[in-house]
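Work through these exercises with the structure open beside you. Try each task before you read its solution.

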Amino acid sequence: MKNDRKEELLTRWMDDGLSDEEMKEFEPILASSPELREERARFLLLREKLRDSVPREVDPPFPDYFNSHLEKLVKADQKAGEGIEGPGGFAAFNRRWLWWMAPAVTCAVVFAFLLGMKSAKIGGSSPMLVDAAAGSEVYSPLTNVSTKVIVDRESDSTLLVVEGLAPLSDSDLAVGAGFSDGHHGFYVNVKETY
Amino acid sequence: MRMLLLIYLALTGLAGAQDPGKEVIGKVRTAVLFGTNGSPAALGDGVVSLSAEEEGKLRKVAKLEPYETFVKLGSVEQDILKGYKSWAQPISNSQALMLTFQPQASIKESRKLRLDVEYWQKSKMTLRWDRVFEVGKRVYLIGPRWRDGNLIITVELVGLKSK
């Protein structure tokens, strides 16, 4: 088995994302390296602790999101500090401490954002459809958009049900002259991928 | 004339050789389908009926169960370049529905390719889906409502160059 494939299976196994078929493929690797189970248990424990310590849902990632959120936190903390303690050396120390903590707060907000990224929800509507999101990650920057991945094992195809999208009008689809196949789009150079 | 053509081919070949990102590593087909209770004739020219098998597959999804008819409004096949994000516009003249594909070449394997797919609706990036696509296995994105029905966007890896 190629190293790339091993790496992919290992990563997904860590995230509980292997299908039955992939799990069978992964069993020999697991048998040859039993210490992986212990590693995974440690990883899951750490992940749980991290999830418990930061909020799962945050506002959408607009460009000015982090700055404004940070500003809000600082202002709220300042107000709280002023309300509880009178002016004095200790309050000033608290404010300085707050500014020193700004990078840490930024890190926490970034981390919360990453955790808040909406992963595919598991769910199904029919016994013919099997729920699985193995090996896929769905993200939407829009807070009102939710997704559900369904795998139809009978036809071996995947369906991604998206809720919350704005409806389209006739002018959006340019239906005036009837429909015809689309055009090749354009290509944008992405240097980091090669 | 022939000489000019040869020079043009030589230059374009040279340009391709200079940019490894332009290597074509596969082909993806995107299509826009529509589930409706209305008459397909009301949609105008160019719509194509789907097979009963495909209609049955779509009707298994609760959201699409009420629709009697499914048609294809448009589709396009597009090369996937190694180092480029490819934009596809499945319905002619409409940029309201567009998709981008960016290969994650590091875990490319036989008949499978991990792609970052983005769904853009009215010039807004609405959804990003990072998944392993397998040649010939179609993926359906049950998308926005339009008229009395629902639009469905399909993505299928139709070809993959072996390493």
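A residue counts as buried if 20 or more other C-beta atoms lie within 10 Å of its own, as exposed if 12 or fewer do, and as partly exposed in between. Keep in mind that this is a predicted model.

**Exercise 1.** Find B:R147 and decide whether B:R147 is buried, exposed or partly exposed.

Solution. Start with the place: B:R147 sits in the loop between β8 (138-146) and β9 of chain B. Next, count neighbours: 17 other C-beta atoms lie within 10 Å of B:R147. Now use the cut-offs: partly exposed lies between 12 or fewer and 20 or more. So B:R147 is partly exposed. Last, check the backbone: phi of B:R147 is near 50°, a positive value in a residue other than glycine.

**Exercise 2.** Describe the hairpin of β4(B) and β5(B), and place B:N93 in it.

Solution. Take the strands: β4(B) covers residues 84-91, and β5(B) covers residues 97-103. They pair in the antiparallel sense over three bridges. Across the pair, B:W87 stands opposite B:T100. Then take the turn: five residues lie between the strands, and B:N93 has a positive phi near 70°. B:N93 belongs to the loop between β4 and β5 of chain B. With 15 other C-beta atoms within 10 Å, B:N93 is partly exposed. Finally, look at β4(B) itself: six of its eight residues are buried, so the strand is largely enclosed by the rest of the structure.

**Exercise 3.** Work out how helices α1 and α2 of chain A are arranged, and which residues make their contact.

Solution. Locate the helices: α1(A) spans residues 3-14 and α2(A) spans residues 20-32. Their axes come within 10 Å and cross at roughly 105°. Angles of 65 to 115 degrees count as roughly perpendicular, so α1(A) is roughly perpendicular to α2(A). From α1(A), the contact uses A:K6, A:L9, A:R12 and A:W13. From α2(A), it uses A:E22, A:E25, A:F26 and A:I29. Sort them by class: four are nonpolar, four are charged and none is polar.

**Exercise 4.** Find the largest nonpolar core and the strand that gives the most to it.

Solution. Begin with a general rule: in soluble globular proteins, nonpolar side chains tend to be buried together. Here the largest nonpolar core has 50 residues. Among those with the most contacts inside it are A:L160, B:V32 and B:L99. Strand β9 (residues 149-160) of chain B gives the most, with six residues. Now zoom in on B:V32: leaving aside neighbours within four places in sequence, its contacts include B:L73, B:I91, B:L97 and B:I153.

Key:
Residues numbered from 1 in each chain as written. Chains lettered and ligands numbered in written order. Predicted model: local features only at pLDDT ≥ 70, side-chain atom pairs only at ≥ 80, totals over all residues. Axes fitted to C-alpha atoms, helices over the stretch in contact; angles between N-to-C directions. Helix = DSSP H or I, 4+ residues; strand = E, 2+ residues; numbered from the N terminus. Parallel < 35°, antiparallel > 145°, perpendicular 65-115°, else oblique. Contact = placed C-beta atoms within 7 Å. Nonpolar A, V, L, I, M, F, W, Y, C, P; charged D, E, K, R; others polar. Core = buried A, V, L, I, M, F, W, Y, C linked by C-beta atoms within 7 Å. Pairing = 2+ DSSP bridges.
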